[in-house]
Amino acid sequence: MGCASSVYAAVGTKKKLSIPEVVVFVPSTRIPAQSDLQKRLRGLIPKDIADRLSSLRNQIVFVAEDTDGSAIPELRRGLEEYLSLLIGLTKKEYGLEGLVEFKWRSLADGKQQQEASSSCIANSWFEVLSVVHMMAMLALSEADTLMIPKDHSGSSIRTVSSDCKREAVDLLLKATGYLEFCVRDVLVHIPPEIKKNFPKDLQDGVLEVISFQTLGQGTEIQLGLAVDCQKATLSVKRRLACEQLSYFSQAYHCLSGYDHINNGYGKKHMWFIKWKFLESKAAAYYFHGLMVDKGNEPSCHVSAVCCFLAAEEILSESKKACFTFCLAAPVTRAAPLWGAMKHLHQKIPEVAARKSQMYGYLLEQDNSSSIA
C-alpha cells in the first residue's frame with residue numbers, strides 16, 4: 001500500500017524514524033512481478049511484438065522495484081506504451097486466453113511476502129486491468145506528493161499553491177477515469193470463475209470504493225479553494241460540501257460490506273474513509289446551517305443551531321477517526337490542517353457556541369412545544 005511517498009524524519013534519535021504523511025490516501029499499489037513473458041509468447045504472436053512487450057514489462061518491473069514506485073513519470077510512460085500493445089493481446093484471433101500467465105504482486109510487500117501476495121492469472125484482460133489499476137494508483141501518489149510541500153520545516157503552517165491543488169484535482173479525476181474504465185470496460189470481459197481468484201484490491205466493489213474516494217478527495221480540495229476565494233458564494237460552498245459528503249458516504253457504505261476490511265490494509269482504508277466521511281458530514285451541516293440561518297423565521301434559527309451543534313459533535317468524532325486511522329498499521333501521520341477543515345476546525349465550535357447563546361431560548365421553546 002502506498003500511503004504516501006513524502007515523509008518526515010524524526011530527529012533526535014539514534015536512528016531516523018520516518019513516518020509517512022498522508023493527504024491523498026493510496027489504498028494499494030500492485031506492480032508486475034518478474035516473469036519470462038517473451039518465452040511464454042513465443043510462437044503465439046509475431047516475434048517483434050513479443051520482444052517489445054517483454055522488454056517494456058521488464059523495464060516497468062525494474063523501475064518500480066528500484067524506486068519503490070516513486071519514478072512516476074517514467075513508470076507512467078512505460079505503462080502507457082505497454083498498454084497500447086497489450087490491448088492487442090485481447091483479440092480473439094490470437095487465442096491467448098488461458099495460455100499465458102501474468103504475475104503481479106503488492107509493492108508494499110518485502111521479499112519474503114512476495115510469493116504469498118502475488119497473483120498469477122492466465123488472462124490477458126487481467127493484465128490490462130492490473131496495468132490500468134497501477135496507472136490509477138500512480139496518479140493518486142502524484143496527487144499526494146503535490147499536496148505535501150517539499151519544505152518539511154516542522155512548522156504547523158503549511159502552504160500549497162493553488163496551482164498544485166488544481167493539478168492534484170486533475171490527477172484525482174484522471175485516477176477516477178482509470179478506475180471507472182476498469183469497472184465498466186475491463187471487468188466485463190473476465191469470467192466470474194477467474195474473478196474469484198483476483199486479489200481483494202482488484203475486486204469490482206473495492207475499485208468502485210476507490211473511485212468514490214478519489215472523487216470525494218477532489219471535491220475536498222475544490223471546497224478548500226472555494227473557502228479561500230472571496231468571490232465564492234455560500235451556496236457554492238454548501239453544494240461542494242454536500243457533493244463531498246455524497247461521494248464519501250457512498251464509499252463508506254460500499255466498503256463496509258466487503259471482507260476487504262478484515263485485513264490490515266483494508267482496516268486502515270476503512271478508517272480513512274470513515275474519517276473523511278465524518279469531516280465532510282460536519283462541513284455539510286455547517287454550511288447548510290449558515291444558509292438556513294439567513295431566514296427570518298424563528299424556525300430557521302432553530303434549524304441552524306441544530307445544524308451547528310450537529311457539526312460540532314461530528315467534527316469531534318472525525319478527530320477520533322483520524323487518530324485511529326493514523327495508528328492503524330502501517331502507521332502514518334495526518335497532514336496539518338489544510339483547506340476547508342483548517343477553517344472549519346476553528347469556525348464550527350465558535351459559531352455553534354455563539355448561535356446557541358443567541359437562539360438558545362428559541363431552541364428551548366421548540367423543545368417545550370414538541371413535548372407538549
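Leaving aside neighbours within four places in sequence, which residues is Ser280 in contact with? The last legend returns to Ser280 and gives the answer: Ala241, Gln244, Leu245 and Phe248.

This is a predicted model, in which local features need pLDDT of at least 70, side-chain atom pairs count only at pLDDT 80 or more, and totals for chains, interfaces and linings use all residues. Residues are numbered from 1 along each chain as its sequence is written, and side-chain values use heavy atoms, with hydrogens and water left out.

**Figure 1. The whole protein has 12 helices and six strands.** Helices (H or I, at least four residues) and strands (E, at least two) are DSSP runs, numbered from the N terminus. The protein has 372 residues, and 50% of them are buried. Buried means under 20% relative accessible area, exposed over 50%, and partly exposed in between (1.4 Å probe, protein chains only). About 18,100 Å² is exposed, 53% of it supplied by carbon and sulfur atoms. Accessible areas come from the Shrake-Rupley method with a 1.4 Å probe; for residues, only the protein chains shown count as cover. Among contacts with a separation of 6 or more, 75% involve residues 24 or more positions apart. Contact means heavy atoms within 4.5 Å.

**Figure 2. Three strands form an open sheet in the order β3-β4-β5.** The pairing is antiparallel. Two strands pair if DSSP finds at least two bridges between them. β3 (30–32) and β5 (119–121) are the edge strands, each pairing on one side only. Neighbouring strands are turned by 30° against each other on average, direction ignored. Axes are lines fitted to C-alpha atoms, for helices over the stretch in contact, and angles run from 0 to 180 degrees between N-to-C directions. Three bridges join β3 to β4 (residues 102–106). Ile31 has Arg105 as its bridge partner in β4, and Pro32 has Trp104. On the β5 side, three bridges again join the strands. There, Trp104 has Ser119 as its bridge partner.

**Figure 3. Strand β4 is covered on both faces.** In a regular strand, side chains alternate between the two faces of the sheet. Phe102, Trp104 and Ser106 lie on one side of β4, with Lys103 and Arg105 on the other. Five of the five residues of β4 are buried, so the strand is largely enclosed by the rest of the structure. Helix α2 (residues 47–67) lies across β3 and β4. This helix runs at about 135° to β3.

**Figure 4. The largest nonpolar core holds 65 residues.** A nonpolar core is a set of buried Ala, Val, Leu, Ile, Met, Phe, Trp, Tyr and Cys residues joined through side-chain atoms within 4.5 Å. Tyr82, Leu129, Val131, Met134, Leu140, Met147 and Phe198 touch the most other members. Elements that each supply at least two residues include α3 (72–89), β4, α6 (162–186) and α8 (204–228). Helix α5 gives the most, with 15 residues. Val131 touches Leu79, Tyr82, Leu83, Leu86 and Trp104, not counting residues up to four places away in sequence. A second, separate core has 41 residues, among them Val22, Ala226, Trp275 and Ala283.

**Figure 5. Lys47 and Asp51 meet in a salt bridge within helix α2.** A salt bridge is a side-chain nitrogen of Lys or Arg within 4 Å of a carboxyl oxygen of Asp or Glu. The whole structure has 11 of them. Here the N to O distance is 2.8 Å. The two residues are four apart, about one turn of the helix. Lys47 counts as exposed, at 61% relative accessibility. Asp51 counts as partly exposed, at 25%.

**Figure 6. Asp228 and Lys165 form a salt bridge between distant parts of the chain.** The N to O distance is 3.9 Å. Asp228 belongs to helix α8 and Lys165 to helix α6, 63 residues apart. Asp228 is exposed, at 53% relative accessibility. Lys165 is buried, at 11%.

**Figure 7. Helix α10 (residues 264–292) carries a buried salt-bridge pair, Glu279 and Lys276.** Their closest N and O atoms are 3.3 Å apart. The two residues are three apart, about one turn of the helix. Salt bridges that share partners join Glu220, Lys276 and Glu279 into one network. Ser280 also lies in α10. This serine is buried, at 0% relative accessibility. Beyond its neighbours within four places in sequence, Ser280 is in contact with Ala241, Gln244, Leu245 and Phe248.
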